[in-house]
Amino acid sequence: MIDRLNLEGLRYAQAVAETKSFSAAARAYGVTQPALSNGIAKLEERLGGKLFDRSPRGVTQTAFGARILPLVERSLVALDAVAAEARRLTEPGEQTIRMGVSPLISARLVARAFSTVQGLPVARDLVLREANMQDLRESLLAGELDIVLIPAVASMPRFEHRVIDVEPIVVVGPESVEAGPMELADAGKECFILVPDTCGLTTFTTQLFQAHDMPLQTYAGEASSYQVLEDWTKLGLGTAMIPRSKLTSPEVPHRPLMNEGREVQISFEAVWSADSPLTTDLLRLADNLAATRG
């Protein structure tokens, strides 16, 4: 029945409408594609009509969906505005910015965030929470975090984004640094050790190879940390790809990863809600981080 519409299903439908992809919408919300598809199917059942058509050419809105989805968007905007206004009224003296960071974020970037928050027109404290990508997305959606710093590897519909940093990618392996830079084309011959797809590094690696139509050969196991990645490369189990700041020591044998002579870099972004009562400060924080990157 209409009076039992599920908010999660509405958000899933809005994400698909914006990304025009069930898989991209699922990545944006940190859920599996079957879970998202099931949520939308239940919503369609309650509404009494199909919202999307799927074909080899992509996802399109049905005639029913074209009428309903704009109403869904307006409803979600209104609900988010209610939550933001309630926070503003109940926390008028809030002096804290709650920031979530991926484990892939460097200590240097965190230090820049602290310095920037201290320089805001209104003095605020910065409370940090490190978590995996899915938990950070869910906490931001639930209003438990004000802003998150994450690798720019997945879309988050209806949120503000700002690229705030870029960092060179290096290849860690048994070869010595004297071997020189590694070209991306040659990386396709390597067997890469991956970490669980929670911090964004594995997603970045997969997307990098897919973007260049290259096969990604991977070791059958997974390392639990960047330190373990280094240890396993010393055992000859494979090669690892990480941001340079995540090397445990500059002495760890590594090679810059290049693409036709240019450094391969990973981008990091700040993500926050435009409806946040702190939006002015969050925008200033993101812009200042972007201006001082590098």
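Helix α2, residues 22-29, is mostly covered in this predicted model: six of its eight residues are buried. Those buried residues are Phe22, Ala24, Ala25, Ala26, Ala28 and Tyr29. If you look around the helix for what does the covering, you will find, among others, α1, α3 (33-47) and α6 (133-141). The strands β1 (52-55) and β2 (58-61) also belong to the cover over the buried residues of α2. Just after α2 comes Gly30, with a positive phi near 70°.

Phe22 deserves a second look. The charged end of Arg54 sits over the ring of Phe22, 3.8 Å from the ring centre. Phe22 is also one of the buried residues of α2, and β1, which spans 52-55, is among the elements that cover them.

Helix α1 (residues 7-19), another part of that cover, holds Gln14. Is Gln14 buried or exposed? Its relative accessibility is 3%, and because buried means under 20%, Gln14 counts as buried. Leaving aside residues up to four places away in sequence, Gln14 touches Leu69, Glu73, Leu76 and Arg158.

Now step back to the whole chain for a moment. The secondary structure comes to 10 helices and 13 strands, and the C-alpha trace spans about 65 × 50 × 30 Å along its principal axes. Of the 294 residues, 46% count as buried. Take the contacts with a separation of 6 or more: residues 24 or more positions apart account for 75% of them.

The aromatic rings make a good next stop. A pair of aromatic rings is described by the distance of the centres and the angle of the planes. The count for this model comes to three aromatic pairs. In one of them, the rings of Phe192 and Phe209 have their centres 5.7 Å apart and their planes at 70°; an angle over 60 degrees counts as edge-to-face, so this pair is edge-to-face. Phe192 belongs to strand β8 (residues 191-194) and Phe209 to helix α8 (residues 201-211), so the pair links distant parts of the chain, 17 residues apart. Both rings belong to buried residues: Phe192 has a relative accessible area of 1%, and Phe209 has a relative accessible area of 1% as well.

Tyr219 and Trp232 form another edge-to-face pair, with 5.9 Å from centre to centre and 75° between the planes. Here Tyr219 comes from strand β9 (residues 217-222) and Trp232 from helix α9 (residues 226-234), so parts that are 13 residues apart in sequence are tied together. How covered are these two residues? Tyr219 counts as partly exposed at 29% relative accessibility, and Trp232 is partly exposed too, with a relative accessible area of 24%. Partly exposed is the class between buried, under 20%, and exposed, over 50%, so both values fall within it.

Phe192 turns up again when you search for empty space inside the protein. Rolling a probe the size of a water molecule over the atoms shows where empty space is left. The structure holds one cavity of 30 Å³ or more, and about 50 Å³ of space lies in the largest cavity. Which residues line the largest cavity? They are Phe192, Ile193, Leu194, Val195, Leu201, Thr202, Thr205, Leu229 and Met241. The elements that give two or more residues to this lining are β8 and α8, the two elements that hold Phe192 and Phe209. By character, the lining divides into seven nonpolar residues, two polar and no charged.

Finally, two loops hold backbone angles worth checking. Most residues other than glycine have a negative phi, and most peptide bonds are trans. Asp213 is not a glycine, yet its phi is positive, about 50°. Asp213 lies in the loop between α8 and β9, and with a relative accessible area of 73% it is exposed. Glu260, likewise not a glycine, has a positive phi of about 55°. You will find Glu260 in the loop between β11 (254-259) and β12 (262-263), where it is exposed, with a relative accessible area of 73%.

Definitions and conventions. Residues numbered from 1 in each chain as written. Predicted model: local features only at pLDDT ≥ 70, side-chain atom pairs only at ≥ 80, totals over all residues. Heavy atoms only, no water. Phe/Tyr/Trp six-rings, centres within 6.5 Å; stacked < 30°, edge-to-face > 60°. Helix = DSSP H or I, 4+ residues; strand = E, 2+ residues; numbered from the N terminus. Buried < 20%, exposed > 50% of the residue type's maximum accessible area, 1.4 Å probe, protein only. Lys NZ or Arg CZ within 6 Å of the ring centre and 35° of its normal. 1 Å grid on protein atoms, 1.4 Å probe; cavity = no way out; pocket = protein on both sides within 12 Å on 5 of 7 lines; lining within 4 Å. Points joined across faces, edges and corners; volume = space filled by probe spheres on them. Nonpolar A, V, L, I, M, F, W, Y, C, P; charged D, E, K, R; others polar. Contact = heavy atoms within 4.5 Å.
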